[in-house]
Amino acid sequence: MSVLNTMPTHEHDYPQLLSLAVHEFRTPVSVVSGYLRMLQRDTEHPLTGRQTKMVEEAEKSCARLVALVGELSEISNLDAGTARLAQQSVDVFALAHELAGSVQEVADNVHLEFRGEPAGAPITGDMTRLRAAFGAIFRAILREKASPCTVVVDCRVSQTAERRAAVIVVAEADTVQSAYDSQPGPFDEKRGGLGLALPIARRVIEAHGGRLSSPVKVLERDGKGTAIIAFPLSE
């Protein structure tokens, strides 16, 4: 037998490695952030206008690093199964309805509207995390629209012989039905400009027994403009 075939895998070490990386990042980021604040508050040797602007920009970047470290920590906890999810009664249709009316549209010619069932899909879960997950998905779809369109958040209950499911489709108005009719495929969560919000969103949905996907036959060139969120419902 080959030695390579008997070597142990280390997939179970991944959450621990990520947790260690988070711990190691936090110390230097905290030090840099602290020194930047000291420079801003130094009254004995005040900064010039140009220096002040440079330090302010550096502080913004440092704050972004702090946020990314926090997101890495969330991924680590979700993957390790150590994230403490609140156990609340959440109607995912009502939550989608609420967010569809509050998510800021990224362009004047791209609009978000809600259709379908405004309530009637109760699950038990973490309201705060689900709200953040839905919001991240809605914003991701909106920001990728380069031409005028209406993006719809459509909620329906799917009934099969095996189960009932709450299904939320986020897509351009003329592709909503195609999304329902298509087989689900992988959702592209590796999108720039969103930090780790989408990888976290997928993990949060899966932690609640749901699934985040995209239709296999997406009627768009980039294949990114549609999301399907599904949760099983108890009888």
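The following paragraphs describe a sheet in a predicted model and the helix that packs on it.

The sheet is open and consists of 6 strands, which follow the order E2-E4-E5-E8-E7-E6 and show mixed pairing. At its edges lie strand E2, formed by residues 110-116, and strand E6, formed by residues 184-186, each of which pairs on one side only. On average, neighbouring strands of this sheet are turned by 35° against each other when direction is ignored.

In general, the strands of a sheet pair through backbone hydrogen bonds, and such pairing may be either parallel or antiparallel. Both senses can be followed along strand E4, which spans residues 149-159. With E2, strand E4 pairs in the parallel sense over 7 bridges, and within this pairing Phe-114 stands opposite Val-153 in E4. With strand E5, which covers residues 164-172, strand E4 pairs in the antiparallel sense over 9 bridges. Among the residues joined in this way, Val-151 has Glu-172 in E5 as its bridge partner, while Arg-156 has Val-167 in E5 as its bridge partner.

Helix H5, made up of residues 127-143, packs on the sheet and touches E2, E4 and E5, as well as strand E7 (211-215) and strand E8 (227-233). The direction of helix H5 makes about 155° with that of E8.

Technical notes: Residues numbered from 1 in each chain as written. Predicted model: local features only at pLDDT ≥ 70, side-chain atom pairs only at ≥ 80, totals over all residues. Heavy atoms only, no water. Pairing = 2+ DSSP bridges. Helix = DSSP H or I, 4+ residues; strand = E, 2+ residues; numbered from the N terminus. Axes fitted to C-alpha atoms, helices over the stretch in contact; angles between N-to-C directions. Contact = heavy atoms within 4.5 Å.
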